[in-house]
Structure formats: C-alpha cells, structure tokens
Amino acid sequence: CLESHPFLPLYLSGGMDGAVHLFQFGQPRSVRTYRPSKDSHGLQAPKVSHLHFTSDGYKFGATDYAGSLLLWRFEASPASAAPYFAMQLHSTIARDFCFVDTGSVVATVGATEGVFQLRICDTLLPMAQRLVHEVNTEQEGTCMVYSGRTHDIYFATKKGEVMVFDTRQRLIRQTVRAHERNIKAIALTMNEAFLVTGSALGDLKVWDVRTMTPVKTFAGLHPTTTKFGLGGGGAVVSTYGVTSALLTPAHLYTCG
C-alpha cells in the first residue's frame, strides 16, 4: 500500500514484508525506515494493510495483518522513527483505519475470532480505557473514510455494502448495497459532498452523501484480471478491479 503526504513531495510504502518506508518522489531509495521487515530478534513483521496521514501531515499510522494499529509522529528526530502508539485492536486482522477529527481518536475495521468489528480508540487515554466503543458488523469491513463535515465514518464490506456509522450517536444508521462484489477502495471529495467507491469487478461509483444515492457510474473501469503463477500446486494470483482511488480538487485517480 502507498500513502502520499498531504503537501510534501513524500510518500509512505507498506509491503508484504511488513516494512514501512518513506520515499521522496522521483528517488529510487527510501529516505527513512519506520518499521523494518524483521525486528531485532529476527521475527518477520506482519503484512501492512493500510497507511494514512492525518490531514495536517503531522502524524501517520498503519494497520497490519496481525490486527495491530501503529501511529508515528512525522518528525525528523531520531525518536520519531519508533511508533508512539501501538495496540492490537483485532486478534485476526486490521483491514483499515481512519483518523477522527484531531487525530487522537482512531477507528479501525477488522476481525476478532471470526467476529467482524468496527472499533474506536482514544490514544490519549490510559491503556485500559483506550477502547471507547465497538460495534459488531455482519460483514467484514475492507476500507473506510471519515467525514469531518457530517461526523460519519463510511466503511465498505466484502459483500459490496457501504455502512454509515454516526460517531456522535455511535450507531450504524444506514447500510447501502453499493456493488455486487468486494469494495476495495473508498474516498471522499475535498468538500466531502460526494463519496467514491471502487469494486472488485472494476466498477467505480460516485455517491451523494446526503441521500447515499449514486450520481455517476464508471462500469468496467479496471476489469478483473487473473494471472496463473508458476509455483508448485498451480497457485493462482489475481488482481481484482479497482484497488485504490484518490481525489484532488480537479481530478479523480484510480488504480487496479
């Protein structure tokens, strides 16, 4: 996964090997490593699922396939290379996360012993009190985004649904069947008036957040392709549809 800084020519990379690196655009080598692929004991770091900066660029975080959330301060000091916050919020996997308002409150979606959950933690509270809310979801969440304008968390599922979680009332107040398959990408426009979702089938939709109705559909934007690996057992490696979406004031970028 990749995540660009809000205003600096820098981006983060998180890989299958669990490492988190900082790169400068146009440069082939990383300028800083925040998490190596192996720790001091030689143990492999869990695969990184998502990376995100806060809107002001002063903090960033990562979720991984061990269910953990890690947060760093984006500073030049040697101490900032280590996360200032680390907590396992899900026992199986943490799929994605989003910063809520100032960034001290973070929401995650993941799985714990077969139960799919959205969890909210306050990083400023003592360890025993950090988990301030959790709600079980019928479907597994895949990606999420927070709207400061509506104070809602929009999170997508593997069954093609988009759920709207009201952070003030702390409940899921709406569920919309957005796609026929797994939703891999979700994003908001700069004014947070429209939501974009991308599916495993390669379709992309634009939604009016007031009514949660689609206003534009791009069918087959990134068609599903399947590649057969050469390894033993005839392993199949698949690339599914829209995998990421990024909105700027003038453009919509997607990959897949």
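Val-164 sits across from Gln-174, a residue of strand β16. This is a predicted model, so keep that in mind for what follows. Strand β15, which spans residues 161–166, pairs with β16 in the antiparallel sense, and six bridges hold that pairing together.

Zoom out a little and β15 and β16 turn up in an open sheet of four strands, ordered β13-β14-β15-β16, with antiparallel pairing. The edges of this sheet are β13 (141–147) and β16 (171–177), each of which pairs on one side only. There's a second open sheet of four strands too, also antiparallel in its pairing, and its order is β5-β6-β7-β8. Here β5 (48–53) and β8 (85–88) are the edge strands, again with pairing on one side only.

Here are the two sheets next to each other:

| Strand order | Average turn between neighbouring strands |
|---|---|
| β13-β14-β15-β16 | 20° |
| β5-β6-β7-β8 | 15° |

Now for the inside. Which residues have the most contacts within the largest nonpolar core? They are Val-145, Tyr-154, Val-162, Ile-183, Ile-186, Leu-195 and Met-212, in a core of 15 residues. In soluble globular proteins, nonpolar side chains tend to be buried together. Strands β13, β14 (152–157), β15 and β17 (183–188) each give two or more residues to this core. The largest share, three residues, comes from β17.

Ile-183 is a handy one to click on. Setting aside neighbours within four places in sequence, Ile-183 touches a mixed set of residues, including Thr-142, Cys-143, Ala-156, Val-162, Ala-178 and Thr-197. Gly-160, Glu-161 and Ser-199 are also among the contacts of Ile-183.

Back in the other sheet, strand β6 (residues 59–64) and strand β7 (residues 68–73) run antiparallel and are joined by five bridges. Phe-60 stands opposite Trp-72 of β7.

Strand β6 also carries Thr-63. Is Thr-63 buried or exposed? Thr-63 counts as buried because its relative accessible area is 1%, and the cut-off for buried is under 20%. What does its side chain do there? The side chain of Thr-63 makes a polar contact with the side chain of Ser-49, at 2.8 Å. Beyond neighbours within four places in sequence, Thr-63 is in contact with Lys-47, Val-48, Ser-49 and His-50, among others. Its contacts also include Ser-68 and Leu-69, plus Ala-94, Arg-95, Asp-96 and Phe-97.

Conventions:
Residues are numbered from 1 along each chain as its sequence is written. This is a predicted model: local features need pLDDT of at least 70, side-chain atom pairs count only at pLDDT 80 or more; totals for chains, interfaces and linings use all residues. Side-chain values use heavy atoms; hydrogens and water are left out. Two strands pair if DSSP finds at least two bridges between them. Axes are lines fitted to C-alpha atoms, for helices over the stretch in contact, and angles run from 0 to 180 degrees between N-to-C directions. A nonpolar core is a set of buried Ala, Val, Leu, Ile, Met, Phe, Trp, Tyr and Cys residues joined through side-chain atoms within 4.5 Å. Buried means under 20% relative accessible area, exposed over 50%, partly exposed in between (1.4 Å probe, protein chains only). Contact means heavy atoms within 4.5 Å. A polar contact is a pair of N or O atoms within 3.5 Å; within protein, one must be able to donate a hydrogen and the other to accept it, and residues adjacent in sequence count only if both atoms are side-chain atoms.
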